[in-house]
Amino acid sequence: MRGILRKIDSYLIGLFLEIFTIIALLIFNKEGNIETLNFIMLCITFFTVMITYTGGIVVGLILTSVIIFLYTSYIFYINLVMDIDISYISYVWMVSIPIIAFTSGKLSNNILLLQETNKNLREEYENLVTIDKQTGLGNRRLFYMNLDREMSKCKRHKNPCTLMLIKLPYYKEIKKIIGENKTNKLIKDIRDVIINSTRNEDERYTIENDTLAIIMPNTDINGADIVRNRIKDSINNLNLKLKQEKNYVNIDTKVAILEYKEDIKTAIEFKVLAQEELQYDV
């Protein structure tokens, strides 16, 4: 990364110096002939920089070859036919435009390389992140990893394990009514209810914007049902608190529990089966 940044700095400084040198030579050109042509060549130079930067070094060098061919043909034509001397500034154009095109192309290539590196780093970071930013709970990636691990433990040790899903069914409507900030605060309140209603060994996750999950190891369906009732009571108390604070939003949650069975093959299947149980919570 640092090497790429150094190259970008070097090519950028080099490009500025090259353009500055050309402009300085034009300003101090004592011959003062064919001023219109020099202005046109300066415009063409900037055009070449833009095309090379956007199209790449190959496109820039091809364009430069065409420009130099046309320019030298014209210069030799006016020298032979019109008997106008070839000034030193003409040679400056022939040399400087390819150099500037090359520098612009290298600058463009290194910037593209830097962007690609940043993209790869972001993807690697997202693959490593296992915490949901909004709630501070584990995210979906961590949820499936740990659910798969708990299923393996259940198969080996024959211990019970129950999965609980808590869904806010009217999440989108609530968000439209009270706004994103208040909705996020509401989700955090529900998160606090879940944390206070479960054990330390229970694992809590945010798997959707409107859905939280709890993996409860060593807990059968009866134990999970006690936790579900505790969560529902706490959410009812939260509703009363919101009404006292004149926040006219009623939190309607659906809670589903499903105990692991050996015929469940994957963590995704386990989650989907638990999700289907949400429709029976009324």
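Here is a short conversation about a predicted model of one protein chain.

Visitor: How many of the residues, as a percentage, score at least 70 in pLDDT?

Guide: Happy to start there, since this is a predicted model. The chain averages a pLDDT of 83. The share of residues that score at least 70 is 91%.

Visitor: And which element of the chain has the highest mean pLDDT?

Guide: Let's take the two ends of the range. Helix α1, residues 2–27, has the lowest mean pLDDT among the elements, at 75. The highest mean, 94, belongs to strand β1 (residues 161–167).

Visitor: Are α6 and α7 parallel, perpendicular or oblique to each other?

Guide: Look at helix α6, residues 171–178, and helix α7, residues 180–197: their axes come within 7 Å and cross at roughly 130°. Angles of 65 to 115 degrees count as roughly perpendicular and those over 145 as roughly antiparallel. The relation between α6 and α7 is therefore oblique.

Visitor: How many residues of that contact of α6 with α7 are nonpolar?

Guide: From α6 come Tyr 171, Ile 174, Lys 175 and Ile 178. On the α7 side you'll find Glu 180, Lys 182, Thr 183, Leu 186 and Ile 187. Three residues of the contact are charged and one is polar, while the nonpolar ones number five.

Visitor: Is Lys 158 buried or exposed?

Guide: Lys 158 is found in the loop between α5 (140–157) and β1. Its phi is near 60°, a positive value in a residue other than glycine. The relative accessible area of Lys 158 is 58%, and the cut-off to pass is 50%. So Lys 158 is exposed.

Visitor: What about Asn 218: buried or exposed?

Guide: You can find Asn 218 in the loop between β3 (211–217) and α8 (221–244). Asn 218 is not a glycine, yet it has a positive phi of about 55°. Because its relative accessibility is 54%, Asn 218 counts as exposed.

Visitor: Is Leu 137 buried or exposed?

Guide: Leu 137 lies in the loop between α4 (88–128) and α5. Beyond its neighbours within four places in sequence, its contacts include Thr 130, Ile 131, Arg 191, Tyr 205 and Leu 212. Its relative accessibility is 9%, and buried means under 20%. Leu 137 therefore counts as buried.

Visitor: What separation do the C-alpha atoms of Leu 137 and Ile 195 have?

Guide: Ile 195 is one of the residues in contact with Leu 137. Along the chain the two are 58 residues apart. In space, their C-alpha atoms are separated by 9.8 Å.

How values were computed
Residues numbered from 1 in each chain as written. Predicted model: local features only at pLDDT ≥ 70, side-chain atom pairs only at ≥ 80, totals over all residues. Heavy atoms only, no water. Axes fitted to C-alpha atoms, helices over the stretch in contact; angles between N-to-C directions. Helix = DSSP H or I, 4+ residues; strand = E, 2+ residues; numbered from the N terminus. Parallel < 35°, antiparallel > 145°, perpendicular 65-115°, else oblique. Contact = heavy atoms within 4.5 Å. Nonpolar A, V, L, I, M, F, W, Y, C, P; charged D, E, K, R; others polar. pLDDT = per-residue confidence, 0-100. Buried < 20%, exposed > 50% of the residue type's maximum accessible area, 1.4 Å probe, protein only.
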